[in-house]
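Visitor: I would like a close look at a single part of this model, followed outward through its contacts. Please take one residue as the starting point and then go on to other places worth examining.

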Amino acid sequence: MRLLVTGGAGFIGSNYVRQSISGTLGGVESVIVLDALTYAGNRQNLASLATHSNVHFVLGNICKSADVAPLLEKVDAVINFAAESHVDRSINSAVEFVNTNVAGVQVILDAIKTSGRQIRFLQVSTDEVYGSIESGSWDEKCALLPNSPYSASKAGGELLARSYHRTHGMDVVITRCSNNYGPYHFPEKLIPLFITNLLEGEKVPVYGNGKNVRDWLHVDDHCRGIHAALTKGKSGEIYNIGGGRELTNLEITDLILDAMGANRSSIEYVEDRKGHDLRYSVDWTKINRELGYEPQIEFEVGLRETIEWYRNNRAWWEPLKNRAGL
């Protein structure tokens with residue numbers, strides 16, 4: 001299978017590319033990476049593949065048809081990782097999120113339709129499109145009730161993708177994942193921010209009372225789920241990809257503090273985020289039953305490995321934090 005991976009220099013996309021080229025994810029012949037290299041896109045994320053003959057990097061933007069369309073002649077499938085993804089940034093300004101997460105998806109879909117080729121399109125989405133749930137877990141038939149500009153834009157993008165399947169008969173698959181963690185994660189998100197702050201001797205900022213709950217999913221498990229949906233998923237279907245480990249923000253903070261030899265004196269409680277969803281929880285029975293997916297990495301093991309990665313790769317994250325003012 002020949003792939004076009006948009007946003008392939010970002011956190012999840014680059015992990016997927018590295019796994020697919022290494023053979024961990026089977027059946028991939030070649031990968032074209034299209035990335036605009038905005039603040040969270042980083043060529044260093046693909047440095048280990050720089051001389052690999054089956055990986056080709058293209059600097060370009062999914063919002064520009066001229067960047068997308070020519071690449072479709074050489075691929076069998078497109079995986080769209082490209083997205084603005086930080087909730088706080090979307091609260092401050094939603095324009096970039098609508099442009100990339102909605103209009104960018106439409107550009108890719110139209111380019112595939114115009115190509116006249118049968119190309120599978122996999123839209124990588126998020127559990128945040130469901131909103132917040134007090135108890136139980138969302139399955140794929142639950143209503144979309146996004147509460148942030150970020151999650152609203154992701155919902156818009158996947159609804160467009162679904163509409164192209166229903167209207168034009170295009171081969172579309174959608175995945176919705178829970179919170180990811182792992183190496184190469186831009187250090188504005190909770191786990192990498194807390195790890196790197198502690199490595200720098202700084203405090204970690206916990207929103208509100210720290211009782212917000214998230215389901216945590218190692219990025220390698222997420223990539224396995226995406227690949228299962230890509231290669232075995234039914235056209236027009238949606239698949240939740242969960243990690244199976246729900247923790248409050250305070251619980252995960254304690255795990256990080258303990259693993260790094262710190263205590264709660266390193267916590268700084270800050271004003272809660274606007275419209276902060278209390279709890280996310282996805283039911284991933286469908287992808288397990290139909291495609292055989294289940295997470296393999298125990299959270300405590302993955303967290304320890306992630307901490308060590310950041311400890312050993314200061315040259316990767318220090319410039320990013322400095323440029324972002326984190």
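Guide: Asparagine 15 sits in helix α1, which spans residues 11–22, and since the coordinates belong to a predicted model, everything said here about this residue and its surroundings is a reading of that prediction. With a relative accessible area of 4%, asparagine 15 is buried, because buried means under 20%. Its side chain is joined to that of arginine 18 by a polar contact of 2.8 Å. Leaving out residues up to four places away in sequence, asparagine 15 touches Pro183, Tyr184, Val219, Asp220 and Cys223.

Two of these contacts lead onward, and tyrosine 184 can be taken before the others. This residue lies in the loop between β7 and α6, and its phi is near 70°, a positive value in a residue other than glycine. Tyrosine 184 has a relative accessible area of 19% and is therefore buried, given that the class ends at 20%. The loop that holds tyrosine 184 also holds lysine 189, β7 being residues 179–181 and α6 residues 190–199. Lysine 189 is in contact with Ser85 and His86 once its neighbours within four places in sequence are left aside. The side chains of lysine 189 and serine 85 make a polar contact of 3.3 Å, although these two residues are 104 apart in sequence, with their C-alpha atoms 9.8 Å apart in space.

The other way on from asparagine 15 is through Val219, Asp220 and Cys223, for helix α7 covers residues 219–232. In this helix aspartate 221 forms a salt bridge with arginine 224, with the closest N and O atoms 2.5 Å apart. Because the two residues are three apart in α7, about one helical turn separates them. The partners differ in accessibility class: aspartate 221 is buried, with a relative accessible area of 1%, whereas arginine 224 is partly exposed at 22%. As a general matter, side chains of opposite charge can pair when their charged atoms come close.

The structure holds 14 salt bridges, and another of them involves aspartate 76 and arginine 2, whose side chains meet at 3.1 Å, N to O. This pair links distant parts of the chain, as aspartate 76 is in the loop between α2 (65–68) and β4 (77–80) while arginine 2 is in strand β1 (residues 2–6), 74 residues apart. Both partners are partly exposed, aspartate 76 at 30% relative accessibility and arginine 2 at 26%.

Strand β1 also contains leucine 4, which counts as buried with a relative accessibility of 0%. Not counting residues up to four places away in sequence, leucine 4 touches Ile32, Leu34, Leu71, Leu72, Val75, Ala77, Val78 and Ile79. The C-alpha atoms of leucine 4 and valine 31 are 5.8 Å apart in space, while the two residues are 27 apart in sequence. Strand β2 covers residues 30–35, and leucine 37 is found in the loop between β2 and β3 (55–59). Like tyrosine 184, which has a positive phi near 70°, leucine 37 is a residue other than glycine with a positive phi, here near 50°. Leucine 37 is partly exposed, with a relative accessible area of 30%, whereas tyrosine 184 is buried.

A further place to examine is the pair of helices α10 (residues 299–312) and α11 (residues 314–324), whose axes come within 6 Å and cross at roughly 80°. That angle makes α10 roughly perpendicular to α11. On the α10 side the contact is made by Trp309, Tyr310, Arg311 and Asn312, and on the α11 side by Arg314, Trp316 and Trp317. Sorted by class, the contact of α10 with α11 has four nonpolar, one polar and two charged residues. Arginine 314, named among the residues of this contact, also meets glutamate 318 in a salt bridge between their side chains (2.9 Å, N to O). These residues are four apart in helix α11, so that about one helical turn lies between them. Arginine 314 counts as partly exposed at 31% relative accessibility, and glutamate 318 counts as partly exposed at 28%.

Conventions. Residues are numbered from 1 along each chain as its sequence is written. Side-chain values use heavy atoms; hydrogens and water are left out. Axes are lines fitted to C-alpha atoms, for helices over the stretch in contact, and angles run from 0 to 180 degrees between N-to-C directions. Angles under 35 degrees count as roughly parallel, over 145 as roughly antiparallel, 65 to 115 as roughly perpendicular and the rest as oblique. Contact means heavy atoms within 4.5 Å. Ala, Val, Leu, Ile, Met, Phe, Trp, Tyr, Cys and Pro count as nonpolar, Asp, Glu, Lys and Arg as charged, and the others, Gly among them, as polar. Buried means under 20% relative accessible area, exposed over 50%, partly exposed in between (1.4 Å probe, protein chains only). A polar contact is a pair of N or O atoms within 3.5 Å; within protein, one must be able to donate a hydrogen and the other to accept it, and residues adjacent in sequence count only if both atoms are side-chain atoms. A salt bridge is a side-chain nitrogen of Lys or Arg within 4 Å of a carboxyl oxygen of Asp or Glu.
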